[in-house]
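Trainee: I am new to this structure and would like to learn how its labels are earned. Could you walk me through some of them?

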Amino acid sequence: MQSVLPKGNAIIGQSGGPTAVINQSLVGAVLALRGVTAVKKIIGMRHGVSGLVADQLVDLTRTPLKQLEALARTPAAALGSSRDKPDPEYCARIVQACRRNNVRYFFYIGGNDSSDTCRIVNEIANAQEFYQLRCFHIPKTIDNDLVLSDHTPGFPSAARFIATAFAADALDNASLPGVKINVVMGRHAGFLTGAAALARPAGRAGKDGPASGDHGPHLIYLPEVPLDPQRFLSDVERVYARLGRCQVAVSEGVQTEGGQPIVTTLAKGLDRDAHGNVQLSGVGALGDALADHVKKHLKNAGGKPVRVRADTFGYLQRCWPDVSPIDAREARGAARFAVRMAVKGELSGSVAITRAPGRVYKAAFKAVALADVAGKTRRMPPEFIQGHCDVSEAFVKWCRPLVGKLPEMARL
């Protein structure tokens, strides 16, 4: 650690899926950097590191405060985002671009892949004897799957959307009864799908488990628990037989016992992304497949197929403008904390959000090493899961303070 900060420029980029509060982090970093005398210019990358290596940059040094505050309240990535997963060769080009622009402070707002990019860039830069680059990861992900954090900026606002959407959809389902299946983002972690439980009055289904409550969601399926299509059918049939309807929350990443995405066992000809993974987000394959599965096998009292509908919430979850107040505050605070790490002389690091024990919600920021976050995936802990198709009351108590006050909905 050095006591004298190198003089040069700071650069900021946004990466991965946008969120409702990712611009709070951008603005938080810009405003904090304006008070650092060692920083001469504040530069934004257009579309993350892909824009950096192509010299697609924007000067944020004197952007008016009024414009910045308006951006902070605006969802999605104001600078544009990127899905690039840089390898060492790509990261070497990133370092070259930083040297070309006299960048000494590198800030990247994103999830797992972004933290790994920071780690590799930092290692390459600091292996060069005459060039020092300080790299900091500012956390962001609606999946809430970064290790070492209680939760991540972007998740509380997405969870708020899920809770309100399920609450309204449950009333719709009660108005015109049938089976309603809603597919929620989350390839490996079920936190966001679990947030659907907040739609229930007092956050619980009922004292006897998920089938006892009459307000949806009646069933919640997470990627941490294998989904068996036949047991899924039995679950839906049990709830439908009692209520004449059933609302289901299912994560896009639900898997078989062997770890295979369940959608691959129910549908054919699925698209794959640039990394060879089955395309889950933004497509309706899973919802359609599960709805078809129910239609084929579940009959009403008259012997006819039950009414079944499916919605894939898709990208709506990421950037809905009704944000959690805590999320907005913490997204900006995490960026300010990253700048403070740089000012203290740290060469690299990431920011984790921790929660103090107790009944009153209180969070703090903590510096963690890039290597301890990069490329790692957090999943729902066992104490947050109840059975094979619900979340526990412990999860509800953990999640509820994050989303803010939810709309009150009355019933006759």
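Mentor: Gladly! This is a predicted model. Let's begin with Glu393, which lies in helix α14 (residues 393-403).

Trainee: Why is Glu393 called partly exposed?

Mentor: Its relative accessible area is 25%. Buried means under 20% and exposed means over 50%, with partly exposed in between, so Glu393, at 25%, is partly exposed.

Trainee: How far apart are Glu393 and Ala197 in sequence and in space?

Mentor: They are 196 residues apart in sequence, and 9.3 Å separates them in space, C-alpha to C-alpha.

Trainee: Now to charged pairs. What makes Glu69 and Arg332 a salt bridge?

Mentor: The N to O distance between their side chains is 2.8 Å. The cut-off is within 4 Å, for a side-chain nitrogen of Lys or Arg and a carboxyl oxygen of Asp or Glu, so the pair of Glu69 and Arg332 qualifies. Glu69 belongs to helix α3 (residues 65-72) and Arg332 to helix α12 (residues 325-343), so the salt bridge ties together parts that are 263 residues apart in sequence.

Trainee: Are these two partners buried or exposed, or in between?

Mentor: Glu69 has 23% relative accessibility and counts as partly exposed. Arg332 has a relative accessible area of 14%, and buried means under 20%, so Arg332 is buried.

Trainee: What makes Lys180 and Asp311 a salt bridge?

Mentor: Here the N to O distance is 2.9 Å, and the cut-off is within 4 Å, so Lys180 and Asp311 meet in a salt bridge. Lys180 sits in strand β6 (residues 179-184) and Asp311 in strand β9 (residues 308-312), so this pair ties together parts 131 residues apart in sequence. Lys180 counts as buried at 9% relative accessibility, while Asp311 counts as partly exposed at 37%.

Trainee: How do you know that Arg238 and Asp235 are separated by about one helical turn?

Mentor: Both are in helix α8 (residues 229-243), and they are three residues apart, which means about one helical turn. Their side chains also meet in a salt bridge, at 3.3 Å, N to O. Arg238 is partly exposed at 39% relative accessibility, whereas Asp235 is buried at 2%.

Trainee: Which residues are joined into one network by salt bridges that share partners?

Mentor: Those are Asp116, Arg119 and Glu123.

Trainee: And how many salt bridges does the structure hold?

Mentor: There are 13 salt bridges.

Methods. Residues are numbered from 1 along each chain as its sequence is written. This is a predicted model: local features need pLDDT of at least 70, side-chain atom pairs count only at pLDDT 80 or more; totals for chains, interfaces and linings use all residues. Side-chain values use heavy atoms; hydrogens and water are left out. Helices (H or I, at least four residues) and strands (E, at least two) are DSSP runs, numbered from the N terminus. Buried means under 20% relative accessible area, exposed over 50%, partly exposed in between (1.4 Å probe, protein chains only).
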